[in-house]
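Biologist: Could you take me through one loop in this model, up close, and then walk outward from there into whatever surrounds it? I'd like one connected story, please.

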Amino acid sequence: MRALYFGTYDRTYPRNAQVISSLRRAGVEVVERHRPVWEQRHNWSVGLRQLGRLLDAERDLWRRRREDADVLIVGYPGHFDLPAAKRAADGRPVVFNPLVSLHDTLVSDRGRFRPGGAAAALLQLADRRAFRRADLVVADTREHRRFFIDEFGLAEHRVAVCLVGAEDRLFHPGWQPPGPFHVLFVGKLIPLHGVETILAAAALAPELPFRMIGSGQLDAELAGAPANVERVPWVDYDELPGEIQRAGCVLGIFGTSPKAARVIPNKAFHALACGRPLVTADTPAARELLTDGRDALLVPPGDPAALAMAVRSLAGDPGLAKRVGSAGRATYEARASEDVLGRRWLEQLEAVVGAG
């Protein structure tokens with residue numbers, strides 16, 4: 001099978017890189033037709049210059065010749081790419097890998113745009129047109145699948161689920177020199193992550209060092225961080241596995257929004273792949289993959305006391321930390337490795353090609 005990965009998708013974003021890598025491991029020939037628009041730290045503060053880049057990219061994608069492929073995959077964030085993709089497909093199936101709804105993310109969850117405003121209406125329109133034009137939408141969790149079906153009025157058979165996973169070439173168990181136990185968080189500091197919960201938990205566990213890597217919308221939240229919180233604005237993506245392998249435990253997300261309950265973030269899969277104990281919020285999405293006390297520690301969303309207790313339990317019991325980390329790696333191998341997800345993606349592509 002030959003698949004064309006198409007659009008203005010962010011080539012550096014893990015969801016795209018992992019899907020392409022998984023498909024190739026499954027024997028799919030993946031070619032790319034890509035126009036860069038969103039790569040700069042995934043910046044969604046769209047001004048006139050960014051809008052001009054997007055319009056230029058869409059015109060170019062619209063004009064280009066027909067590519068020899070069995071199926072087109074529109075990568076994340078490709079919500080504006082579906083018209084050009086349908087034209088390029090010329091009757092062949094188009095699969096949309098959206099990861100999120102733009103309106104849900106930028107209006108409802110992050111509050112970047114005012115509900116009911118012009119920008120919110122544009123995002124809602126882009127969502128609706130993209131999701132409804134695709135022959136198949138691939139969600140990252142069953143919870144997200146149900147949201148897409150209900151929000152956009154999609155038929156059940158048009159929405160599948162493939163977990164996010166991680167890039168096996170980078171994220172795997174690795175030996176690191178022993179060091180003091182520390183709690184690691186990596187992320188873009190958005191409301192979904194529950195930064196305020198993490199900082200409050202750090203204040204409740206002052207004896208434990210917390211290392212927070214990332215920057216973003218909630219940078220100001222870290223201005224009054226407790227003394228045991230080390231702030232690192234960013235590290236290169238290729239350095240993340242080493243950071244995770246050196247950590248005593250890794251934090252997922254702790255936000256209380258509806259969206260937070262529907263996702264399993266990249267950082268969770270990275271921790272599982274590296275065999276490090278994961279602590280994350282106990283949500284319906286997390287329960288699709290994880291079992292509390294076995295392959296992760298799950299705590300109530302927005303509960304700093306529970307989070308502090310969980311990281312203290314791992315710091316004080318190396319045997320527990322080792323068991324949880326090892327079981328997390330086993331869960332990753334069974335449910336979210338590139339081999340497993342490559343086969344899952346291939347099944348979905350073969351089904352949509354066969355149906356179309």
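Modeller: Let's start with leucine 189, which sits in the loop between strand 7 and helix 7 (195-204). Keep in mind as we go that this is a predicted model. Leucine 189 isn't a glycine, yet its phi is positive, at about 55 degrees. Is leucine 189 buried or exposed? Its relative accessibility is 1%, so leucine 189 counts as buried, the cut-off being under 20%.

Now follow the chain out of that loop into helix 7. Val195, Thr197, Ile198, Leu199, Ala201 and Ala202 are buried in this helix. What do those buried residues pack against? Their partners are strand 7, strand 8, strand 9, strand 10 and helix 11.

That brings us to the sheet. Six strands make up an open sheet here, ordered 9-8-7-10-11-12, with parallel pairing. At the edges are strand 9 (229-232) and strand 12 (297-299), each of which pairs on one side only. From one strand to the next, the twist averages 25 degrees. Zooming in on one pair, strand 8 (residues 210-213) and strand 9 run in the parallel sense and share four bridges. One residue to click on is phenylalanine 210, whose bridge partner in strand 9 is valine 229. Helix 11 (residues 304-316) packs on this sheet as well, with contacts to strand 7 (183-186), strand 8, strand 10 (249-251), strand 11 (278-281) and strand 12. The direction of helix 11 makes about 165 degrees with that of strand 12.

Strand 11 takes us to an enclosed space. The structure has one cavity of 30 Å³ or more, and the largest cavity has a volume of about 60 Å³. Which element supplies the largest share of its lining? Strand 11 does, with three residues. Among the residues lining the largest cavity are Ile253, Val263, Ile264, Pro265, Leu278, Thr280, Ala281 and Leu290.

Next, the open space. The largest pocket has a volume of about 860 Å³. It is lined by 38 residues, and those closest to its centre are Tyr13, Pro14, Lys188, Trp234 and Asn266. The elements giving two or more residues to this lining are helix 4 (102-109), helix 8 (240-246) and helix 9 (266-274).

There is a second sheet to look at too. Six strands form this open sheet in the order 2-1-3-4-5-6, again with parallel pairing. Its edge strands are strand 2 (29-34) and strand 6 (159-161), and each pairs on one side only. Neighbouring strands here are turned by 25 degrees against each other on average, direction ignored. Strand 1 (residues 2-7) runs parallel to strand 2, and six bridges join them. For a landmark, phenylalanine 6 stands opposite arginine 33 of strand 2. Helix 13 (residues 338-355) packs on this sheet, touching strand 3, strand 4, strand 5 (136-139) and strand 6. The direction of helix 13 makes about 125 degrees with that of strand 3.

Two backbone details are worth a look in this part of the chain. Where does proline 77 lie? Proline 77 is in the loop between strand 3 (71-74) and helix 3 (82-89). The peptide bond leading from tyrosine 76 to proline 77 is cis, with omega near -10 degrees. Aspartate 90 lies in the loop between helix 3 and strand 4 (94-96). Aspartate 90 has a positive phi, near 55 degrees, and is a residue other than glycine.

Last, the cysteines, since you may be wondering about your reducing agent. How many disulfides are there? The count comes to zero, going by a cut-off of sulfur atoms within 2.5 Å. Cysteine 249 is in no disulfide, and the nearest cysteine sulfur, that of cysteine 274, is 14 Å away. Cysteine 249 has a relative accessible area of 0%, so this residue is buried. Cysteine 162 is likewise buried, because its relative accessible area is 1%.

Methods. Residues are numbered from 1 along each chain as its sequence is written. This is a predicted model: local features need pLDDT of at least 70, side-chain atom pairs count only at pLDDT 80 or more; totals for chains, interfaces and linings use all residues. Side-chain values use heavy atoms; hydrogens and water are left out. Buried means under 20% relative accessible area, exposed over 50%, partly exposed in between (1.4 Å probe, protein chains only). Two strands pair if DSSP finds at least two bridges between them. Axes are lines fitted to C-alpha atoms, for helices over the stretch in contact, and angles run from 0 to 180 degrees between N-to-C directions. Contact means heavy atoms within 4.5 Å. On a 1 Å grid over the protein atoms alone, a cavity is a set of points where a 1.4 Å probe fits but cannot get out, and a pocket is an open set with protein on both sides within 12 Å along at least five of seven lines; lining residues have an atom within 4 Å of a point. Grid points are joined across faces, edges and corners, and a volume is the space filled by probe spheres set on the points.
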